[in-house]
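Reader: I would like a close look at a single part of this structure, taken strand by strand. Please explain each term as you go.

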Amino acid sequence: MTQARTHVPDVGPEAPFADALRAAIAHRGLALNRIQARLADRGLHVGVATLSTWQNGSRHPRTGSLAVVTALEELLDLPAGWLAVRIPPAVEAPTRPYAVVANASTLTRLLDEVRRDAHGRLRSVTVVEEIVIGADHSLTAKRVIQTMVAVREADRQIVVHQGELGSDAAKIVPRGLTGCRTGRVARDPDGGAVLGELLLDRTLAVGDTAVVHYEIADLNGFPSTQYFRFHEWAGTHHVLEIQFHREALPVRVTEFRRHHSGEPDVLRRELMMTPDGRVHVVVPAASPGVIGIDWEWD
């Protein structure tokens with residue numbers, strides 16, 4: 001099988017979306033009407049005038065246009081996520097690390113213990129995670145497959161996990177499986193938060209992508225009633241699945257989304273469980289904030 005070629009235009013990592021798109025179009029030598037036609041062949045309908053405003057910077061793609069941006073990356077032979085990560089978020093970007101969660105100050109302190117300048121060098125393109133809930137109602141494992149694109153040179157990924165109230169952080173263990181290996185881990189002994197680095201198999205230049213598999217084991221055994229992942233930047237394709245033990249199924253399961261972990265829901269809807277005790281949520285392009293699932297035992 002021949003691997004698809006990609007080209008990274010000669011623009012810096014901080015170049016805005018319009019400059020990056022314009023450089024990519026110039027390299028491919030495609031007229032906007034030809035790009036429009038090729039997008040239409042894929043069932044994606046966008047006007048030449050809209051493409052023109054994206055290229056000149058007077059407008060930016062919205063969250064609902066992420067499929068078009070992804071198709072543009074393919075048509076223009078760009079690495080996955082190279083354009084998408086440059087789309088300005090619909091809400092103001094975080095002014096400090098982890099600003100979308102209530103324990104931001106704790107996580108920032110842990111980040112300082114590991115490596116502060118590693119934050120923000122990567123953007124998630126896709127995240128697929130499986131959360132396993134045991135017969136004792138506790139979260140026993142988190143398994144994640146994550147695709148990332150570098151917006152600055154990067155050789156490590158930072159991952160975080162928050163245990164249940166009263167958890168012993170020493171019993172929460174992150175582990176790189178493929179595409180990475182476990183590096184330094186910092187723990188908050190009082191709040192049960194854990195922050196670790198996954199050292200990538202290679203150093204990524206701007207525009208390079210990586211796929212990592214990792215897991216986080218929690219040996220505390222405390223009953224759990226919710227799980228969420230936070231997103232600091234817009235555009236990630238997020239798949240969240242919860243696997244409940246067949247002998248300990250909840251009576252109700254609900255999806256929720258929030259702009260901040262401590263704020264009210266902006267979306268809440270009940271989820272249907274499969275016969276084997278699974279529920280899932282698929283978000284094609286996450287906004288900054290949190291996406292989660294909670295459940296009631298009885």
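**Strand β6 and its partners**

Author: Strand β5 (residues 180-187) and β6 run antiparallel and are joined by 6 bridges. Strands here are DSSP runs of E with at least two residues, numbered from the N terminus, while helices are runs of H or I with at least four residues. Two strands pair if DSSP finds at least two bridges between them. The model is predicted: local features need pLDDT of at least 70, side-chain atom pairs count only at pLDDT 80 or more, and totals for chains, interfaces and linings use all residues. Residues are numbered from 1 along each chain as its sequence is written, and side-chain values use heavy atoms, with hydrogens and water left out.

Within the pairing of β5 and β6, Cys180 stands opposite Leu200 in β6. The two strands form a hairpin, with 5 residues between them. In its turn, Gly192 has a positive phi of about 80 degrees.

Strand β6 also pairs with strand β3 (residues 154-162), in the antiparallel sense, over 8 bridges. There, Val159 has Gly196 in β6 as its bridge partner.

As for cover, strand β6 spans residues 193-204, and 9 of its 12 residues are buried. Buried means under 20% relative accessible area, exposed means over 50%, and partly exposed lies in between, with a 1.4 Å probe and protein chains only. Strand β6 is thus described as mostly covered. In a regular strand, side chains alternate between the two faces of the sheet.
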